[in-house]
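Trainee: I would like to learn how to read a structure like this one. Please take me through it feature by feature.

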Amino acid sequence: AGRAAPPAPPPQSGSVELISGDLGSKTPSLDNIKGKWSQAFKLLGNAATVTAEYDRAENDKFLKSASLSGAVDKIKYELASSFGGGPLEATLETSTEDGTTIEVEAEVDGLSSRVTRVTGTRTLSVNERECDLELSHTLGDNESKLRLSTMLGSGLRAVGLLSSKGGGKGGLDHSLTYELEYDTQLTEGRTLSAKVSPRDGTGEVEYEDSATIDATIAATFPLGGAPKVTAKRAFSF
């Protein structure tokens, strides 16, 4: 079956998030401020939501982006505009009877528009094991990707990615990568997650704690890199 429709948003909601720098540094400070506001309303008889986002790290003087999203019959849509410049981004999504979700991304610049990416996702059963399949194609650089992931048990997931790029006189460039993902809840409000690429030995382990204090503490440990500890506090209104 396709993904369940998200619950209807409240008529109006907002949030502000304060994010610290590395608490292990000599001078820890406030690193970023993010904000989000949304308003639900009716557009031509259908539910729609307008959303505005602020990110001080990207634009400290104005909004980062604004978007309009909703659904008409079985088609979900989103129109997003970045105030940092660039064309209007449009996304259409629908699900077929066999449970396949199809998403089309496009750019609208003035009177011209072009499709930039097409994606199809579906959950399959392979040898009695449930697998998530995603096939995408980016038109600009002619790149196709096939992503297959499956749960191995006890919070461990295996992910494989086959990509093909190029074509024409230059020929095709193929690559195959795979990684292992782990995610578990240690206790209420405390989680441990990890991503590791066995091929090149890269990866990261992250511990999150939202139970000890009235904030979320995140400790990240890159393999071969320096650990980092940050804190964030969110306020909803």
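Mentor: Gladly, and let us begin with a single residue: Asp-132 is partly exposed, at 29% relative accessibility. The scale calls a residue buried under 20% relative accessible area, exposed over 50%, and partly exposed in between, with a 1.4 Å probe and protein chains only. Keep in mind that this is a predicted model, where local features need pLDDT of at least 70 and side-chain atom pairs count only at pLDDT 80 or more, while totals for chains, interfaces and linings use all residues. Residues are numbered from 1 along each chain as its sequence is written, and side-chain values use heavy atoms, with hydrogens and water left out.

Trainee: Which residue does the side chain of Asp-132 meet in a salt bridge?

Mentor: The general idea is a side-chain nitrogen of Lys or Arg within 4 Å of a carboxyl oxygen of Asp or Glu. Here the partner of Asp-132 is Arg-157, at 3.4 Å from N to O. This pair links distant parts of the chain, as Asp-132 sits in strand 9 and Arg-157 in strand 11 (residues 156-166), 25 residues apart. Arg-157 is partly exposed, with a relative accessible area of 21%.

Trainee: How many salt bridges does a search of the whole structure find?

Mentor: There are 12. One of them joins Arg-117 to Glu-105, with 3.4 Å from N to O. The two residues lie in distant parts of the chain, 12 residues apart: Arg-117 in strand 8 and Glu-105 in strand 7 (residues 101-109). Arg-117 has 23% relative accessibility and therefore counts as partly exposed. Glu-105 is partly exposed as well, with a relative accessible area of 23%. Arg-114 and Glu-107 also meet in a salt bridge, at 3.3 Å from N to O. Of that pair, Arg-114 has a relative accessible area of 45%, and Glu-107 has 24%; Arg-114 is partly exposed, and Glu-107 is too.

Trainee: You keep mentioning strands. How many helices and strands does the secondary structure of the protein come to?

Mentor: Helices (H or I, at least four residues) and strands (E, at least two) are DSSP runs, numbered from the N terminus. In this protein the count is 0 helices and 16 strands.

Trainee: Which way do strand 7 and strand 8 run?

Mentor: Two strands pair if DSSP finds at least two bridges between them. Strand 7 and strand 8 are antiparallel and share 9 bridges. Among the partners, Glu-105 is matched with Arg-117 in strand 8, and these are the residues whose side chains meet in a salt bridge. The two strands make a hairpin with 2 residues between them, and Gly-110 in the turn has a positive phi of about 70°.

Trainee: How many bridges join strand 8 to strand 9?

Mentor: Strand 8 (residues 112-126) and strand 9 (residues 129-138) run antiparallel, with 10 bridges. Along them, Val-118 stands opposite His-137 and Thr-119 stands opposite Ser-136. In a regular strand the side chains alternate between the two faces of the sheet. This hairpin has 2 residues between its strands, with Asn-127 in the turn at a positive phi of about 50°.

Trainee: What pairs with strand 9 in the antiparallel sense over 8 bridges?

Mentor: That is strand 10 (residues 143-153). One bridge matches Leu-135 with Leu-146 in strand 10. Strand 9 and strand 10 form a hairpin with 4 residues between them, and Asn-142 in the turn has a positive phi of about 55°.

Trainee: Let us turn to rings. How many aromatic pairs does a search of the whole structure find?

Mentor: A pair of aromatic rings is described by the distance of the centres and the angle of the planes. Rings of Phe, Tyr and Trp (its six-membered ring) pair if their centres lie within 6.5 Å; planes under 30 degrees apart count as stacked, over 60 as edge-to-face and the rest as tilted. The search gives 1 aromatic pair. Phe-62 and Phe-83 form it edge-to-face, at 5.1 Å centre to centre and 80° between the planes. They come from distant parts of the chain, 21 residues apart: Phe-62 is in the loop between strand 3 (46-55) and strand 4 (65-72), and Phe-83 is in the loop between strand 5 (75-82) and strand 6 (88-95). Phe-62 is partly exposed at 46%, and Phe-83 is partly exposed at 38%.

Trainee: To finish, what share of the 237 residues is buried?

Mentor: Buried residues make up 19% of them. The C-alpha atoms fill a box of roughly 50 × 45 × 40 Å along the principal axes.
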